[in-house]
Amino acid sequence: MIVKLDFSNAFNCVRRDLILNSVALQTPEIYRLVHAAYTCEPILIFGEHQLRSSEGAQQGDPLGSLEFCEAIRLLLTSLHSAVKVGFMDDLTLSGDLQTVEQVLDARQDTGLQLNQPKCEVITEDFTAVSSSSPLSNFSRITKEMTLLGAPVVKGVAQDCAITQKIDELTRGIDRLSLLHSHSALALIKNSLSMPKLLYLLRTSDCSDNPLLAEFDKTLRSGLSAILNVDINDTQWLQASLPVRNGGLGIRSAEMLAHSAFLASAASTHDLQQSILPDSVKALEDQSVETTEQRWLAMSGSARPATEKQHIQRAWAGPWTG
């Protein structure tokens, strides 16, 4: 099974002695600074009240994220889980039931408290999770698994993510009717359209998902309402080009999906290999090869040079040139 852990008020609850010990061990060059900031228990003032700050990384500390990560580093490295990935206070682990439950016991030594409604247990068979298990109150997920907001597999999870983006775009376009056309155009271009979808396109292979056409249809309809003109297929194609190529810069999701995913895969490949355990490194990501074949067939161009494959513009060039 896979377990995603979320902690309540994590930065303020992690044990401060763990922060100091971990910093002294891992990054001793900043230990004097951290020691000066936290051993004196800084005073927090709220109105007429004064409190001693004796736990966690102090809010506003520019080193707060580093200090928190150093504090839970020993927890992560000591776990026997086959896969253990941490991003700040979001931890993702995998293993059998016994291994996962041992992880939950180990985190108590850090002072962290689970935010159980936001924790997830992902497996195909929940019969092993008894009512007395610490996992019993976690949200149970089967095929809708996401990791840091990105769908892990195609299907229900990806469809739900794109549908949510379509709903958000629809709601935003409805509200743009209250604004001047120039302001509405700037907002839909720089905030409400592709900027909201790009993270999903770069982290999940959506290139063959038919819902992208629905997203483009909604975007095109909203653009027509803002400009007060009917936009035909040719005009939409030009509008979706970058400004440097004579377009409005309101990109088409269908056109951008291939290049966004391929550029992201190329730029993160080495980092993935350094994070993943040996048992997983041997697995080939078929989605990259499949997306590249679709890109080759649709663009009719050769793939970018190896040293440029991490640049999204290099993949998108044949579509916009």
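This talk describes the fold, the enclosed spaces and a few backbone details of one predicted protein model.

Good morning. Because the model is predicted, local features are reported where pLDDT is at least 70 and side-chain atom pairs count only at pLDDT 80 or more, while totals for chains, interfaces and linings use all residues. Residues are numbered from 1 along each chain as its sequence is written, and side-chain values use heavy atoms, with hydrogens and water left out.

Let me begin with the overall picture. The protein has 14 helices and 9 strands. Here helices (H or I, at least four residues) and strands (E, at least two) are DSSP runs, numbered from the N terminus. Along its principal axes, the C-alpha trace spans about 65 × 55 × 45 Å. Of the 321 residues, 38% are buried; buried means under 20% relative accessible area, exposed means over 50%, and partly exposed lies in between, with a 1.4 Å probe and protein chains only. If we take contacts between residues at least 6 apart in sequence, 61% join residues at least 24 apart, where a contact means heavy atoms within 4.5 Å.

I turn now to the strands. Strands of a sheet pair through backbone hydrogen bonds, either parallel or antiparallel. In this work, two strands pair if DSSP finds at least two bridges between them. In which order do the 5 strands of the open sheet lie? The order is 4-5-1-6-7, with mixed pairing. At the edges are strand 4, residues 83-87, and strand 7, residues 139-141, each of which pairs on one side only. Neighbouring strands of this sheet are turned by 15 degrees against each other on average, direction ignored; the axes are lines fitted to C-alpha atoms, for helices over the stretch in contact, and angles run from 0 to 180 degrees between N-to-C directions.

At one edge, strand 7 pairs in the parallel sense with strand 6, residues 120-122, over 3 bridges. Ile122 stands opposite Ile141 of strand 7. At the other edge, strand 4 and strand 5 run antiparallel and are joined by 5 bridges. Lys84 has Leu93 in strand 5 as its bridge partner. The hairpin of strand 4 and strand 5 has 2 residues between the strands, and Met88 takes a positive phi near 60 degrees there.

Strand 4 and strand 5 also bring us to the cavity. How many cavities of 30 Å³ or more does a search of the whole structure find? The search finds 1, with a volume of about 40 Å³. On a 1 Å grid over the protein atoms alone, a cavity is a set of points where a 1.4 Å probe fits but cannot get out, and a pocket is an open set with protein on both sides within 12 Å along at least five of seven lines; lining residues have an atom within 4 Å of a point. Grid points are joined across faces, edges and corners, and a volume is the space filled by probe spheres set on the points. The cavity lining consists of Val85, Gly86, Phe87, Asp90, Thr92, Leu147 and Leu148. Strand 4 and strand 5 (90-94) are the elements that give two or more residues to this lining, and strand 4 gives the largest share, 3 residues.

Next comes the second largest pocket, with a volume of about 210 Å³. Its lining includes Glu144, Cys160, Lys165 and Tyr199. Helix 6 (156-176) and helix 8 (194-203) each supply at least two lining residues, and helix 6 supplies the largest share, 6 residues.

Another helix to look at is helix 2, residues 16-26, where Arg16, Leu18, Ile19, Leu20, Ser22 and Val23 are buried. Helix 3 (31-38) and helix 4 (64-78) are among what covers these buried residues.

A second hairpin is built from strand 2, residues 43-46, and strand 3, residues 49-52, which pair in the antiparallel sense over 4 bridges. In this pairing Ile43 stands opposite Arg52 of strand 3. Between the two strands are 2 residues, and Gly47 takes a positive phi near 65 degrees.

I close with two asparagines. Most residues other than glycine have a negative phi. Asn9, however, has a positive phi near 50 degrees and is found in the loop between strand 1 (2-6) and helix 1 (10-13). Asn228 has a positive phi near 60 degrees and is found in the loop between helix 9 (211-227) and helix 10 (233-239). Is Asn228 buried or exposed? Asn228 counts as exposed because its relative accessibility is 69%.
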